[in-house]
Amino acid sequence: MSQPVLEVENLRVDIPVSAGLLHPVRGLSFSVAKGETLCIVGESGCGKSLTSLALMGLLPKTAIRTADKLEFRGEDIRMHSERKMSNLRGGAMSMIFQEPMTSLNPAYTIGNQLMEVYNRHISRSKSEARDRAVYLLEKVGISSAASRLGQYPHQLSGGLRQRVMIAMSLMCGPELIIADEPTTALDVTIQAQILHLLAELQAEFDMGLILITHDLGIVARIADKVQVMYAGKTVEEGPCADIFDTPMHPYTQGLLRCIPVPGKTRRGERLGSVPGVVPSLVGDLKGCMFRNRCPHAAESCTAGNMELHAEGGHAHACLRPLADRAAEMEAAQ
Amino acid sequence: MSLAEPLPGAAPAAPRGLTPPPALETRDVTCVFQVSQGFMKGKKPLRAVNGVSLKVPKGQVVGLVGESGCGKSTLASILLGLQAPTDGDVRYSGESALGFSRKQVARRIQPIFQDPYSSLNPTKSIRSIVSQPLRIHEVGDPGQWDRQVDEMLELVGLPKRVAGSFPSQLSGGQRQRVAIARALIMRPEIVICDEPTSALDVSVQSQILNLLQDLKDELGLTYLLISHNLAVVQHMADRVAVMYLGRIVEEGPADALFKAPAHPYTRALLDSVLTPDPSLGVPDTHLGAVFPNPINPPSGCSFHPRCVKCMDLCRTQAPAPAIRADHMAECHLAAEDAA
């Protein structure tokens, strides 16, 4: 694999709240190479979106971001000033947000918003920016692109707006795109189209892609690497096929049992579930955070710092993974 | 009073010896809105629902699928009596519901909406939300209402202490359970579930689907399940109807329809379902991004501009329903197959 575009080690986000210190992200490490897709999966409240904001330097002012390493194109961006970060954002690294309805400015035309990014980062030439905007709108599959430039966001459907967002993120030829739930608000047909488009464009422009989602169907189809997050930590990571074929962590296993799969689950059959809710992440946190929802939890899960155990490229943070539990079951019989 | 026992004023039992009429039936329902074209430009008709005939047999789950803008939600409002159809008839167990008062309709049919964050009044306690239908319909003895609410909360899997809480104190899954409790407290025959799980996390989604399944068996409910998640529809539904631009373009038993879809649109919808199979890539549905303008629908078959199998005939002539056994499709290709 080529050189990583983004390398992150031990990324933490802490937010002081009235009850103490909230730890929404607790030591994440990952890297994304050019042309590679990393999917971050997890339930709402597990710190996925804050991770993406932390990478972009868009955290709320009260939040404290720390990391042992945060390198973009080999350059340390931990101490970058706001000015330097905004030179990167929208230029070399860009983001696609979940809600195309709210992330486009309703008071400006599509063309205006697309060209602004280009003029801010690359050149002040209006005609160049216009050409680039038309080229990219066509690229993302919008017909009669030139006339669309004069339209306002409310004149477009949700799918088209998300296409405009993608075009906007590509305006300056980024090396990394962070997409936070890019298709959650869209119809299934449009979802498939948008993902298809993202995968195609990624291959064409050789970009790194971080896709944040809770939909395992999307992950299976698009990811190279998968990172399963729970309560601000990675509980399992590895190549996409390994995660789906041999999930090791009970959380991953639980999530996979929750979804009805045409052809596999029978109609009306009971689906698996992960009972309980994500625990509070305020204060000092010890042991496995999943233990109160885990069917295999034992005494040993309450203490210690859950480290990732790696076997080849596939790592998990469970003290009692599949193999151990199977051995125990056999011993008991 | 047990939960299975009908409340006074509920639907009459079907006469013996006859096949009972479907719990819910629409006959050629059409709903036309007059849409303004701008200042001084007059109005144009928009046929949101265009001649829909749908039967929901008692005790079954019928899935209604289609993209946004196809008229699913308008049809749901018509069924719920919130919107009067321009033409056609809506029947509950064979009785025409068009003359029903709002209260009569609410007795028979209840909705569960997509977003439990906006469908519950944030200033009311859960007890007040769930018991509101009882208060409005003045059912039974007010002294019993609290007990009925407790029973209902238990049935949907919520702890009793939740009754005193407010919606903001509950999680998304718990709120959706409250919405279900509110819909079921009047013991309706039919429940319209409009995207009941799409605002929820996967782990919560499966719990709500399991609950809906259990309640259906326990209370003998009939569901119309509106969803664009075909995996969910396939999991729940006995029959499936596919809607496109105000019309039902394919309808049939779920198994047959998913195994061998007769309409190219159904095929495209099925292809867009992302099953968690890492050996497959992202599908290319060839559907194009543009949903046709319903004010100015395409000539002939309304799906033809997006159809990969479009023929000359499709551009000029709208297909008639082709029926094979109990599987209907509105497509010239299906008509050829049937002939």
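Four bridges join strand β1 (residues 4-17) of chain A to strand β5 of the same chain, and the two strands run antiparallel. Within this pairing, A:V8 of β1 has A:L70 of β5(A) as its bridge partner. The model described here is a predicted one, and this corner of chain A is a pleasant place to start reading it.

Strand β5 covers residues 69-72 of chain A, and its side chains follow an alternating pattern. A:L70 and A:F72 point to one face and are buried, while A:K69 and A:E71 point to the other face and are not buried. This is a familiar arrangement: in a regular strand the side chains alternate between the two faces of the sheet. Besides its pairing with β1(A), β5(A) pairs with strand β6 (residues 75-76) of chain A, again in the antiparallel sense, over two bridges. Here A:F72 stands opposite A:E75 in β6(A). β5(A) and β6(A) form a hairpin with two residues between them, and A:R73 in the turn has a positive phi of about 55°.

Stepping back to the whole chain, chain A contains twelve helices and 13 strands. Its radius of gyration is 21 Å, close to the 20 Å that the globule rule gives for 333 residues, so chain A is as compact as a globular protein of that length. Along the principal axes, the C-alpha atoms of chain A fill a box of roughly 75 × 50 × 40 Å. Buried residues account for 45% of the 333 residues in the chain. Of the contacts in chain A between residues at least 6 apart in sequence, 67% join residues at least 24 apart.

Eight of the strands of chain A form an open sheet with mixed pairing, in the order β7-β8-β9-β3-β10-β11-β13-β12. Strands β7 (93-96) and β12 (309-311) of chain A stand at the edges with a single partner strand each, so one side of each is left without a neighbour in the sheet. From one strand to the next, the twist averages 15°. Strand β8 (residues 176-180) and strand β9 (residues 208-213) of chain A pair in the parallel sense over five bridges, and A:A179 stands opposite A:L211 in β9(A). Helix α1 (residues 48-56) of chain A packs on this sheet, where it touches β3 (37-41), β7, β8, β9 and β10 (225-230) of chain A. The direction of α1(A) makes about 150° with that of β8(A).

Helix packing can be followed in one pair in particular. The axes of helix α4 (residues 110-121) and helix α7 (residues 158-170) of chain A come within 8 Å and cross at roughly 25°, which makes α4(A) roughly parallel to α7(A). The crossing of α4(A) past α7(A) is right-handed. On the α4(A) side the contact is made by A:I110, A:Q113, A:L114 and A:V117, and on the α7(A) side by A:V164, A:A167 and A:M168.

Finally, chain A meets a second chain: 45 residues of chain A are in contact with 40 residues of chain B. The elements giving two or more residues to the side of chain A that touches chain B are α7, α8 (188-205), α9 (216-222), α10 (240-245) and α11 (250-258) of chain A. Of these, α8(A) gives the most, with eight residues. Helix α7(A) thus appears in two settings, packing against α4(A) and contributing to the side that touches chain B.

Key. Residues are numbered from 1 along each chain as its sequence is written. Chains are lettered from A and ligands numbered from 1 in the order in which they are written. This is a predicted model: local features need pLDDT of at least 70, side-chain atom pairs count only at pLDDT 80 or more; totals for chains, interfaces and linings use all residues. The radius of gyration is taken over C-alpha atoms; the globule rule is 2.2 Å times the number of residues to the power 0.38. A residue is buried if 20 or more other C-beta atoms lie within 10 Å of its own, exposed if 12 or fewer, and partly exposed in between; C-beta atoms are placed from the backbone. Two residues are in contact if their C-beta atoms, placed from the backbone, lie within 7 Å. Two strands pair if DSSP finds at least two bridges between them. Axes are lines fitted to C-alpha atoms, for helices over the stretch in contact, and angles run from 0 to 180 degrees between N-to-C directions. Angles under 35 degrees count as roughly parallel, over 145 as roughly antiparallel, 65 to 115 as roughly perpendicular and the rest as oblique. A crossing is left-handed if the near helix is turned anticlockwise from the far one by less than a right angle, and right-handed if clockwise.
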